[in-house]
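Here are my notes on the model you sent, set out as numbered points. Please read them with the structure open beside you.

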Amino acid sequence: MKKKLLITLLFVVMTMCLFAVAVSAETAYVNANGEQVEAGNADIAYEINVKNPFETGGNCNITEIYLYDSSIKKIIIPALKFTHSNGTEYDLSTYSYCRLAGSWNKTLAVYPISEKDSDTKTSLHTQITEIEFQVPVLADGAGSQGNLAGYSALQKLSFFAKAYEPQNKGGFLSDCTSLTEIHFYGQNNQLSGNFFCNSLTKVVFHKGSTSSIASTAMQAVNGKECTVYLNGDITPWDETDPRLTWNKNGDKLKFVILVDDTTGYTPEEIASYQTEWQAGNNKNANNYKYKMSIQTYCDFYKEHISQEAINDCVCYCSTCKNYGALANPTHALDFVIDYANGYNSEGLKTTMCTNEGCGHIESTQELKKLFETRGYSTDTTSLAIVLDFTANLAEIQEYESFLKKTNPEASIDFGVAVGAADKDDDTTNDKLFDENGERLDSTLVVDLPKNTYTNVEVKIMGIKNNDVNLHLSGYINVSGEITYINGAETNDYSAKVNYGMFITEE
């Protein structure tokens with residue numbers, strides 16, 4: 001009888017030993033920069049207890065965190081690595097996912113290291129304002145209970161590895177009333193419609209992250225002042241049901257599509273691009289389709305992702321296809337003169353950098369008009385039509401010198417052109433020079449010597465018929481391109497005028 005009892009007790013002891021071998025735990029030590037370090041390191045900020053660290057398929061569990069400095073408010077769970085007794089290294093960042101807190105209905109505890117061996121512990125999780133997960137995480141919970149439930153001070157949450165919440169039970173972020181930002185950087189995120197919470201103001205799916213989201217996944221922030229940044233690798237969980245919300249509840253919830261570059265998009269599409277993402281109470285192809293603005297990753301990050309210096313002051317980003325300024329540029333300054341509104345309007349002299357892609361402007365200076373026109377009038381004594389204009393010779397010479405920098409043959413000449421107007425021609429205007437700037441046979445031209453005359457007054461006298469049309473224009477010849485001075489205006493044609501047009505009644 002005693003022999004049988006002994007065998008039974010030995011069996012129980014062996015069973016207990018086997019169980020102890022099957023369940024293991026490890027402690028990871030993390031420094032103030034969120035890096036895993038060795039035990040005994042002088043810079044340990046906190047330690048993380050991990051249960052079943054060698055279970056790669058979803059049983060690994062991060063159970064609690066012990067702070068060496070009880071004032072810590074940011075927690076980083078790095079890509080933890082443990083070495084098995086058989087010499088194999090295990091990297092938690094490669095696992096299917098890791099569980100948290102020991103169970104779905106428990107909050108991940110954060111204790112002071114001084115209470116590690118105490119029977120009673122006080123969790124400091126309510127003081128944590130930011131968490132970064134660099135291991136894949138099962139976002140577990142249900143109802144009002146979950147692994148981050150009660151993190152009331154939490155403001156920012158970042159997933160640098162997979163965020164996995166396929167259950168649609170909610171609870172993971174219950175009572176995280178201060179949480180305003182969630183960022184996804186990792187691959188293969190799977191998010192149900194109950195993952196998000198309604199305190200959020202910013203959700204970002206960063207460049208390189210991939211995700212599938214359940215229909216109406218953004219319903220919790222519908223109607224809220226929240227901006228959701230989607231990248232092109234976000235897909236609906238059910239491809240036939242691309243709804244983001246149950247309905248479109250006002251315009252407070254905004255969506256932005258992040259892209260490498262905006263090549264191919266019109267300005268209107270960049271401001272408001274109609275997507276396939278929908279809002280609707282039921283799955284329906286006719287649901288409202290969300291319109292989203294388009295923004296480059298570089299603009300979002302406020303820095304160029306892949307830039308290379310191409311000269312002394314400018315870099316070029318091959319991601320967004322845009323230029324950017326170097327930190328300490330050396331500009332190649334030169335000036336540009338432009339009479340964008342015509343030669344009878346003020347010009348602009350802009351001193352700027354001429355390096356490719358650089359938009360630096362050193363200074364601007366307004367220049368006088370090249371020609372000031374006083375219009376047409378009549379001389380009743382000589383029965384004449386009079387054209388009167390002034391040439392500002394200094395400005396003409398400066399502009400000509402500027403043109404010669406790029407074209408040594410450039411020239412500016414001016415004078416007066418007169419021509420008869422065909423009375424059978426119903427068109428209003430004509431050109432008195434051909435496309436090469438040469439006068440037509442029917443045109444009388446008075447060339448004024450270069451840089452000589454400032455004030456020009458020309459008359460056609462002895463007009464007997466007030467209604468006879470003719471051409472009387474000043475002309476400006478800029479390297480063969482003719483501009484006509486027609487009274488107070490300049491145009492690319494010579495206006496038809498007659499004496500009767502300018503008679504004033506007394």
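1. A residue is called buried here if its relative accessible area is under 20%, and helices are DSSP runs numbered from the N terminus. The model is predicted, and on that footing the buried residues of helix 4 are Leu393, Glu395, Ile396, Tyr399, Glu400, Phe402 and Leu403.

2. Helix 4 covers residues 393-404, and its 12 residues reach 16 Å from the first C-alpha to the last, close to the 16 Å expected at 1.5 Å a residue. Its buried residues pack against strand 29 (333-338), strand 32 (371-379), strand 33 (384-391), strand 34 (412-420) and strand 38.

3. Strand 38 (residues 470-478) also runs antiparallel to strand 41, to which two bridges join it, and Leu470 stands opposite Val497 in strand 41. Strand 41 (residues 494-497) pairs in the antiparallel sense with strand 35 (residues 429-430) as well, again over two bridges, with Asp430 opposite Ser494.

4. The largest nonpolar core has 68 residues, and those with the most contacts inside it are Tyr46, Ile48, Leu157, Ile182, Phe184, Phe196 and Phe205. The largest share of this core, four residues, comes from strand 3 (residues 44-51). Apart from it lies another core, of 33 residues, among them Ile337, Ala391, Val458 and Tyr499.

5. If neighbours within four places in sequence are left aside, Leu157 is in contact with Ile131, Phe133, Leu148, Phe172, Leu173, Leu179, Glu181, Ile182 and His183.

6. Asn147 deserves a separate look, and it is found in the loop between strand 13 (145-146) and strand 14 (156-159). Is Asn147 buried or exposed? Asn147 counts as buried because its relative accessibility is 0%. A polar atom of its side chain lies 2.9 Å from the backbone oxygen of Ser103, and Ser103 is also one of the contacts of Asn147 outside its neighbours within four places in sequence, which include Leu100, Trp104, Leu138, Asp140 and Phe172.

7. Three strands form an open sheet in the order 26-27-28, with antiparallel pairing. Strand 26 (307-309) and strand 28 (322-325) stand at the edges with a single partner strand each, so one side of each is left without a neighbour in the sheet. Neighbouring strands of this sheet are turned against each other by 35 degrees on average, direction ignored. Strand 27 (residues 314-317) pairs with strand 28 over four bridges, and Tyr316 has Tyr323 in strand 28 as its bridge partner.

Terms used
Residues are numbered from 1 along each chain as its sequence is written. This is a predicted model: local features need pLDDT of at least 70, side-chain atom pairs count only at pLDDT 80 or more; totals for chains, interfaces and linings use all residues. Side-chain values use heavy atoms; hydrogens and water are left out. A nonpolar core is a set of buried Ala, Val, Leu, Ile, Met, Phe, Trp, Tyr and Cys residues joined through side-chain atoms within 4.5 Å. Buried means under 20% relative accessible area, exposed over 50%, partly exposed in between (1.4 Å probe, protein chains only). Contact means heavy atoms within 4.5 Å. Two strands pair if DSSP finds at least two bridges between them. The expected span of a helix is 1.5 Å times one less than its number of residues. A polar contact is a pair of N or O atoms within 3.5 Å; within protein, one must be able to donate a hydrogen and the other to accept it, and residues adjacent in sequence count only if both atoms are side-chain atoms. Axes are lines fitted to C-alpha atoms, for helices over the stretch in contact, and angles run from 0 to 180 degrees between N-to-C directions.
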